[in-house]
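Hi,

Here is the structure I promised to pass on to you. Have a look at it first, and then read my notes underneath.

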Amino acid sequence: MSEATIPSPTAEPNGFWASKRRTENITRWTVFVILILGSITMLMPVTWMLITSFKTRADVFAVPPPNSTFFQTLKFWIPIPPHPENYPQAWTVSGMYSGDSWSIFGIPIQGITFTTYTLNTLFIAVFGCLGTTISSSVVAFAFARLRFPARGPLFLLCLATMMVPTQVTMIPTFILFKNMPWWLGGPWYNNFFPLVVPAFLGGGAYNIFLMRQFFMSIPYEMDEAAKIDGCTNFGVYWRILLPLCKPALTTVAVFSFLWNWNDFLNPLIYLDSNSKKTLALGLTNFVSLYGQDYQLLMAASLIISLPIIVIFLAGQRYFIQGIATTGLK
Amino acid sequence: MTSAERKEAISAFIFLSPFLIWMVFLMGGPILAAFFLSFCKWDIFNPIQFVGFENYKEMFFNDPRFWKALYNTAYFTFLSVPIGMALSIVVALLMNQKVKGIAIFRTIYYLPSILGSGVAMAVLWKWIFNADSGLLNYVLNVFTGIPISECPKWLASEAWSKPALVIMSFWNVGGGMIIYLAGLQGIPSTLYEAAEIDGANRWQQLWTVTLPGLSPVIFFQLIVSIVGSFQIFNQVYVMTDGLGGPADSTLVMVLYIYQKFKYFQMGYSSALAFVLFVVIMLATWLQFKFSKWVYYEGELRK
């Protein structure tokens, strides 16, 4: 190596520096090995889910006998041949559960499958996400950029709502929604109103806080320049700030989509008939019916988790930045 | 107020209107209504009956399940929050060492917490904790040699069901880790340089620079995780079929509130929810009271 012969100020062939570099290398490798071991632990449950979903029912409960060799153990772990038919079975089998039918564009469809649950969940997640992203950014704009009486106390009040457990407001809200007048589409029970409409009303304190922090980091001169050019407040929000806040918007959008996709308590309370249920509820039905068919349960769980994984991988660059910008100070 | 100011205030309240509607109808109003309901007996079908402190009396003096639920929730919080936080700080510190492939590591550690509270994960963990053919007992058997039949029965055992919930919560360390990583990057490098000149080694730098610099983030995380773990529900509901068994050993507060709600004991359920609210407020207040250990960089500049 010719580079090694060139003396450089940082890499002197001097004992002190050499040993320091060696200990640094050792530390770096130790850290690396620990992180790898941790990664294996973190991925173990999902891997187990994947493996189980390709097994037959008989193989699921098989445990390698004691003192078996490495390869014998491996054969117990890895399903050979794999059974991908668990997936379509998991998708359709849940339909046998229900007698009630539903219709799409007037065409009646018998039985409820995961397709129904998926469409329901998608509807709720997409509109919940849309509502949260729009309304939290609108509200955050007022808190970050406009002057009005009681701005400070009102923002503190907003932050304080993070402390309130959802269960406190659950019952009165349930009763309010159930007694919604007909001209507001009431009663809000066994339909998607109670799950989607609240998202359009501010999107929750955490999201407002996150958007506000992001807006605050953008220099105020931008607004002033736009206002001199004749921009209204809405124009400043729509044309200046929103385009600059794409990372924060993506963060809020991804998180609220995931939250709505995973939400369990609200659908559990508000959705009654099987044709209205979400994937999370459908899966619990499935558990009570096929509790011992772990290969089907795992296939169904994986199907439900897949969109989350995809969205996470696609959006992570933005929302890791988004979380970092919140500052948390 | 000048007319320009008035105009700005009016447009501000238009922007705020969704939040104000939410604040009045879905937050403030319901809190007051729940407070009133907690002094009533009501099953939705019959008229509301005001009973004074009856629900609270019943709860505190006559309902062992309430105490059990409170104990279980506290048990879970006191074990899962400190250990989980320590783990996520350690992982964040390790990842901050400029190792190769940090983006991949970050994704791997963060992914389980994204899936975290979903029902699918609860179903998976129920299977992992299966006493006879679950993954956990298999791994235990391989590493410790304890026969599977003598391993803990986890969700089927009164003694091990709560530790099982705690173990499961460790897969959520990624959420905290991301926030600590952001916090670590916010500590000015000049502080480390100064410490090095003063002859501080790595270990001393950790205690005198890194952890104090990270303390506001740790404080924020502590509050948020305690509030969150007091509200654990999804996992317990799915893993115990909504019962909180065996023998109420996993009956947590929110599950108990839900059970009472489901059997139309609206008044009692509201009273339980209010007690949970007060417990969370109390826990938060205590943390603020004992927050002397939190170091804010800005204070030095005064």
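Below is what I found, going from the whole complex down to single residues.

First, some housekeeping. This is a predicted model, in which local features need pLDDT of at least 70, side-chain atom pairs count only at pLDDT 80 or more, and totals for chains, interfaces and linings use all residues. Residues are numbered from 1 along each chain as its sequence is written, while chains are lettered from A and ligands numbered from 1 in the order in which they are written.

**Confidence**

For the complex, the predictor gives an ipTM of 0.82 and a pTM of 0.84. Chain by chain we can use pLDDT, the predictor's confidence in each residue, from 0 to 100. Chain A averages 81, and 84% of its residues score at least 70. Two stretches of chain A call for care. Residues 1–13 have a pLDDT below 50, and that stretch has four contacts in the model beyond near neighbours in sequence. Residues 95–100 are also below 50, with 13 contacts beyond near neighbours in sequence. (Two residues are in contact if their C-beta atoms, placed from the backbone, lie within 7 Å.)

Chain B averages a pLDDT of 88, with 98% of the residues scoring at least 70. Where is confidence in chain B lowest, and where is it highest? The low end is helix H14 (residues 297–300) of chain B, with a mean of 55, and the high end is helix H3 (residues 64–95) of chain B, at 94. (Helices, H or I and at least four residues, and strands, E and at least two, are DSSP runs, numbered from the N terminus.)

**Where the chains meet**

How many residues of each chain are in contact with the other chain? The answer is 63 from chain A and 72 from chain B. On the chain A side, the elements giving two or more residues are helix H1 (15–53), helix H5 (114–145), helix H7 (166–178), helix H12 (246–262), helix H14 (279–289) and helix H15 (294–325). That side of chain A has 44 nonpolar, 16 polar and three charged residues. (Ala, Val, Leu, Ile, Met, Phe, Trp, Tyr, Cys and Pro count as nonpolar, Asp, Glu, Lys and Arg as charged, and the others, Gly among them, as polar.)

**Inside chain A**

Chain A is split into domain 1 (3–77) and domain 2 (89–325); the bounds come from an automatic or database domain assignment. Eight residues of domain 1 and seven of domain 2 take part in the contact between them. On the domain 1 side, H1 and helix H2 (57–60) of chain A each give two or more residues, and H1(A) has the largest share, four residues.

H14(A) is mostly covered, with eight of its 11 residues buried. Among them are Leu279(A), Leu283(A) and Phe286(A). (A residue is buried if 20 or more other C-beta atoms lie within 10 Å of its own, exposed if 12 or fewer, and partly exposed in between; C-beta atoms are placed from the backbone.)

**Chain B and the core**

Chain B has 14 helices and two strands. Its C-alpha atoms fill a box of roughly 80 × 75 × 35 Å along the principal axes. Of its 302 residues, 41% are buried.

The largest nonpolar core has 152 residues, and those with the most contacts inside it are Leu283(A), Val123(B), Met253(B) and Leu272(B). (Such a core is a set of buried Ala, Val, Leu, Ile, Met, Phe, Trp, Tyr and Cys residues joined through C-beta atoms within 7 Å.) H5(A) gives the largest share of this core, 12 residues. Leaving aside neighbours within four places in sequence, Met253(B) is in contact with six residues, including Phe230(B) and Leu272(B).

**Three residues to click on**

- Lys75(A) is in helix H3 (residues 70–77) of chain A. Why does it count as partly exposed? Because Lys75(A) has 15 C-beta neighbours inside 10 Å.
- Asn190(A) has a positive phi, near 60°, and is not a glycine. You'll find Asn190(A) in the loop between H7 and helix H8 (193–196) of chain A.
- Asp241(B) is another non-glycine with a positive phi, of about 55°. Asp241(B) is in the loop between helix H11 (234–239) and helix H12 (253–262) of chain B, and it counts as partly exposed because it has 13 C-beta neighbours inside 10 Å.

Cheers
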